[in-house]
Amino acid sequence: GMGDIRSYPLQQLIKLCTSLHDSLLDLGNNKTRMIILQTLYHIGEIDSNSFDRNTLLWKRDLVDHSFCNVIVNELTALYDKLFEKPRDHKKLFTVGLIAAYIREWTDKARDLCTKISSKFIEWASGSCLNKNKAIFYSYAIICSGLGFVDLSQEDMYNMVNANLNKGMIAFNRSYTHKYADEVICRRIGELVDLDKGYLSEIVFDIIGDMGNKFSIDI
């Protein structure tokens, strides 16, 4: 399945959609996820005579609303199979990354991105294990940040606080934590708009007791 996706550039997105429909991919496998991301973000050939999204020859399927409907439906069907299975969190994360990319091209994926991000937040808040909390919150940051999901200030605070919490970081040193940091930086403007109480707590969590370790002479 993975070889087919990358074999013919102009058919990559259609092949990805077909592979999702026929369950040909192990969505929980990190290598599979990497191949999918390469497929989605590979720029490919550019039409120098075009000045809109049709410039990207390999992405023209995404300009077609009917194709967007189809792939969003396939992703939604996968979400419906996974949303009650925290043990399959890696699979849902892959679905969330695909949905977040499609969201850049169409609003049709907005609701799905919101559902996936909210599900990871729900799993994180309901888990008793810091390791699971750290991973789920990182997933939520990535999927919501890339998918332009509007979240409550409380959810934003909980996600960012967990990602910066030293105790949580100890349980999540994988690339997902670094990826989550990157997404936070991309949407830093929204954090500035947080309620001052939340923002102050985040700042103090980052600084810790550093204020007692140095002084500045003015």
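Which residue forms a salt bridge with K119? The close-up views below, taken from a predicted model, begin with that pairing and then turn to other charged side chains and to the cysteines.

**View 1. E122 and K119 are joined in a salt bridge.** The partner of K119 is E122, and the closest N and O atoms of the two side chains lie 3.2 Å apart. Side chains of opposite charge can pair when their charged atoms come close. Both residues belong to helix α6, which covers residues 110-126, and because they are 3 residues apart in that helix, about one helical turn separates them. E122 is partly exposed, with a relative accessible area of 45%, whereas K119 has a relative accessibility of 10% and therefore counts as buried, the limit for that word being under 20%.

**View 2. R103, D107 and R110 are linked in a network of salt bridges.** What distance separates N from O in the salt bridge between D107 and R103? The side chains of these two residues meet at 2.9 Å, N to O. D107 also forms a salt bridge with R110, where the closest N and O atoms are 3.8 Å apart, a value that falls within the 4 Å cut-off and so still counts as a salt bridge. The members of the network can be described by their accessibility: D107, at 51%, counts as exposed, R110, at 31%, is partly exposed, and R103, at 10%, counts as buried. In the structure as a whole, the count comes to 3 salt bridges.

**View 3. K81, K85, R87 and K91 gather in a patch of positive charge on the surface.** One of the patch members, K81, has its place in helix α4, which is made up of residues 65-82. Is K81 buried or exposed? With a relative accessible area of 53%, K81 is exposed, because that word is used for values over 50%.

**View 4. C113 is a cysteine that takes part in no disulfide.** A disulfide is a covalent bond between the sulfur atoms of two cysteines. The structure holds 0 disulfides, and for C113 the nearest cysteine sulfur, which belongs to C143, is 7.5 Å away. Since a disulfide requires two cysteine sulfur atoms within 2.5 Å, the sulfur atoms of C113 and C143 therefore do not count as such a pair. C113 is buried, with a relative accessible area of 2%, while C128, with a relative accessible area of 78%, is exposed.

Conventions
Residues are numbered from 1 along each chain as its sequence is written. This is a predicted model: local features need pLDDT of at least 70, side-chain atom pairs count only at pLDDT 80 or more; totals for chains, interfaces and linings use all residues. Side-chain values use heavy atoms; hydrogens and water are left out. Patches are made of residues with over 30% relative accessible area and no salt bridge: like charges are joined within 9 Å, nonpolar side chains (Val, Leu, Ile, Met, Phe, Trp, Tyr) within 5 Å. Accessible areas come from the Shrake-Rupley method with a 1.4 Å probe; for residues, only the protein chains shown count as cover. Lys and Arg count as positive and Asp and Glu as negative; His and the chain ends are not counted. The place of a charge is taken as NZ of Lys, CZ of Arg, CG of Asp or CD of Glu. Helices (H or I, at least four residues) and strands (E, at least two) are DSSP runs, numbered from the N terminus. Buried means under 20% relative accessible area, exposed over 50%, partly exposed in between (1.4 Å probe, protein chains only).
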